[in-house]
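Open the model in your viewer and keep the selection panel at hand. The tour goes stop by stop: select, look, move on.

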Amino acid sequence: MKRWFGQVLGVALLVQSAACREEPPVRWDVVEPGEALSGGEGGTVSNASAQAFSQALPALTLERRSSFVSGRGVFEIDWVPAPASSSRADRDGLGPVFHAVACLSCHPANGRAAPPDEPGSTGESLLVRLSIPGTTPTGAPLPEPTYGDQLQPKGIPGVPAEARVVVRHTPLPGAFADGEAFTLQSPEYVLEELAHGPSHPDTMLSPRLAQPLHGLGLLAAVPEETVLEWADPDDANGDGISGRPNHVWSVRQGRRVLGRFGWKANQPDLEQQGAGAFLGDMGLTTSLFPAQPCTFAEQACGDAPPGGAPEVEDNRLAALTFYSHVIAVPARRDVDSPRVLQGKAVFHRVGCAGCHRPTLTTGSLEGYPELSGQSIRPYTDLLLHDLGEALSDGRPDFEATGREWRTAPLWGIGLTATVNGHTRFLHDGRARSLMEAILWHGGEAEASRDAVRRLSKDEREVLITFLESL
């Protein structure tokens, strides 16, 4: 009996001793295996040129690479009004009201759009969502009755443009803890030259810039259970971060499903996102969205001749959908640089990785074997997070509140200037640098933002050096 008691006591003491031992801290200032392969072995290309976001997955077969080229052709088409001459009849149907004439107009080099005040920008990349309080039967935002769910600043001949957007900025000065000053730009958006009279008095508007296209197929292949597992809507673990999924309407499935794409995760998949862009940005109908969004006030819009029924045939929509899935991710640069590794350690220490999760593993996606089983580093959790009142657009979108935004992937962000010639970030491009983007964060990211403001100048510099390596 004594020997048994002694054995039990000894085991208990060993367990207690093991429990009391502190786990060694995670080392982030070291190179991790495969860290340079942001899109995994099958989804990463070594390209840091101006075409870094326009490369096909290296795992594509020759035949599927041909399909990639076909899809890129649809992406680059300049659409024209109907009826067009016989030489251009295969690309007519633009409008009647529209935002741009090609996908490429809003996604230059497949990359990040710039706001209208950026030198050389035409303003095509900034669109404005419109809605009024309430929802449609599917749970979507309720369109503004006179101008619909998206402002259209252009019209084909004989059809007036709806309005134009004027952006005004107010400077917001601030300082880091060490005294170094900074100034943010707070934008205000005003609608002018409204063609059909005033908008609804309760109109909510949200400016949006087009996002980069690389790696979207890999994000589509992330298992739904992975995203839902990371959700913590009630902040049960008390870390101040309460990511939530958005559930949105799938036209193809006729039900609510997990949202993955768009600034508010308001699109379920890349097919619907593409079809929505055809309709909302270029006024082109598809089998998913067969009706023009002309409102009761827009008689000339409703009377304009169509370019077919639908204007974008299913094979072209399928080609664009395929193209959107198989764009590769550029490899990381300088992953073993001491300054980059120091910056990575700062990134984790201040808590950025709480939402910008570095690693994910893809599952399987029907029709896309190249995307399966990839260990990827997108730096997102695909969830909605409250980023505070300063970034709020005040406009709900399915289950997303006005203060919530989907965590933007960071892969490739350091090549923005190379690909697109600017460094404008966030949903409306108000941030003129990566540091300004950080400083705009509030809400769930407030603690991380304040931690960044307390960093030394050298720590701030290595943090940006790390982000530029992504």
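This is a predicted model. Begin with arginine 256, which is partly exposed at a relative accessible area of 35%. Now add glutamate 399. The two side chains form a salt bridge, 3.4 Å from N to O. Arginine 256 sits in strand E10 (residues 255–258) and glutamate 399 in the loop between E14 and strand E15 (404–406), so the bridge ties together parts 143 residues apart in sequence. Glutamate 399 is partly exposed as well, with a relative accessibility of 30%.

**More salt bridges**

Across the whole structure, a search finds 30 salt bridges. Select glutamate 32 and arginine 377 next. Their closest N and O atoms are 3.6 Å apart, and the pair forms a salt bridge. Glutamate 32 belongs to the loop between helix H1 (2–20) and strand E1 (44–45), while arginine 377 belongs to the loop between strand E13 (375–376) and strand E14 (384–386). The pair links distant parts of the chain, 345 residues apart.

Are these two partners buried or exposed? Glutamate 32 is partly exposed, because its relative accessible area is 21% and buried means under 20%. Arginine 377 has 8% relative accessibility, so it counts as buried.

Go on to aspartate 428 and arginine 430. Their side chains meet in a salt bridge at 2.9 Å, N to O. Both aspartate 428 and arginine 430 are buried.

Now select a group. Which residues are linked in a network of salt bridges? The members are Asp178, Glu180, Arg339, Lys457, Asp458, Arg460 and Glu461. Keep the group displayed for the next stop.

**Helices H9 and H13**

Select helix H9 (residues 338–349). The end C-alpha atoms of H9 are 16 Å apart, and its 12 residues should span 16 Å at 1.5 Å a residue, so the two values agree. Color the buried residues of H9: Val340, Leu341, Gly343, Lys344, Val346, Phe347 and His348. What do they pack against? Their partner is helix H13 (457–469). Step past the end of H9 to glycine 351, which has a positive phi, near 95°.

Switch to H13. It has 13 residues and reaches 19 Å from its first C-alpha to its last, close to the 18 Å expected at 1.5 Å a residue. The buried residues of H13 are Arg460, Val462, Leu463, Ile464, Phe466, Leu467 and Ser469. They pack against H9, helix H11 (434–440) and helix H12 (446–453). Arg460 is worth a second look: it is buried in H13 and also belongs to the salt-bridge network.

**Two crossings at H8**

Two packed helices are described by the angle between their axes and the distance between the axes. Select helix H2 (residues 62–76) and helix H8 (residues 314–325). Their axes come within 7 Å and cross at roughly 110°. H2 and H8 are therefore roughly perpendicular to each other, since angles of 65 to 115 degrees count that way. The crossing of H2 past H8 is left-handed. Show the side chains that meet: Arg64, Ser67, Phe68, Gly71, Arg72, Val74 and Phe75 from H2, with Arg316, Ala319, Leu320, Phe322 and Tyr323 from H8.

Keep H8 and swap H2 for H6. At what angle do H6 and H8 cross? Their axes cross at roughly 120° and come within 9 Å. That makes H6 oblique to H8. This crossing is right-handed. On the H6 side, Leu270, Glu271, Gly274, Ala275 and Phe278 make the contacts. They meet Leu317, Leu320, Thr321, Ser324 and His325 in H8. Leu320 of H8 meets residues of H2 and residues of H6.

**Two loop stops**

Select proline 290, in the loop between helix H6 (270–282) and helix H7 (299–303). Proline 290 counts as exposed, with 60% relative accessibility. Add proline 310. The two prolines are 20 residues apart in sequence and 6.0 Å apart in space, C-alpha to C-alpha.

Finish at serine 242, in the loop between helix H5 (224–230) and strand E9 (247–250). Its relative accessibility is 17%, so serine 242 counts as buried. What does serine 242 touch, not counting residues up to four places away in sequence? The contacts are Asp232, Pro233, Asp235, Leu384, His385 and Glu444. For a last distance, pick phenylalanine 398: its C-alpha atom is separated by 18 Å from that of serine 242, and the two are 156 residues apart along the chain.

Definitions and conventions. Residues are numbered from 1 along each chain as its sequence is written. This is a predicted model: local features need pLDDT of at least 70, side-chain atom pairs count only at pLDDT 80 or more; totals for chains, interfaces and linings use all residues. Side-chain values use heavy atoms; hydrogens and water are left out. A salt bridge is a side-chain nitrogen of Lys or Arg within 4 Å of a carboxyl oxygen of Asp or Glu. Helices (H or I, at least four residues) and strands (E, at least two) are DSSP runs, numbered from the N terminus. Buried means under 20% relative accessible area, exposed over 50%, partly exposed in between (1.4 Å probe, protein chains only). The expected span of a helix is 1.5 Å times one less than its number of residues. Contact means heavy atoms within 4.5 Å. Axes are lines fitted to C-alpha atoms, for helices over the stretch in contact, and angles run from 0 to 180 degrees between N-to-C directions. Angles under 35 degrees count as roughly parallel, over 145 as roughly antiparallel, 65 to 115 as roughly perpendicular and the rest as oblique. A crossing is left-handed if the near helix is turned anticlockwise from the far one by less than a right angle, and right-handed if clockwise.
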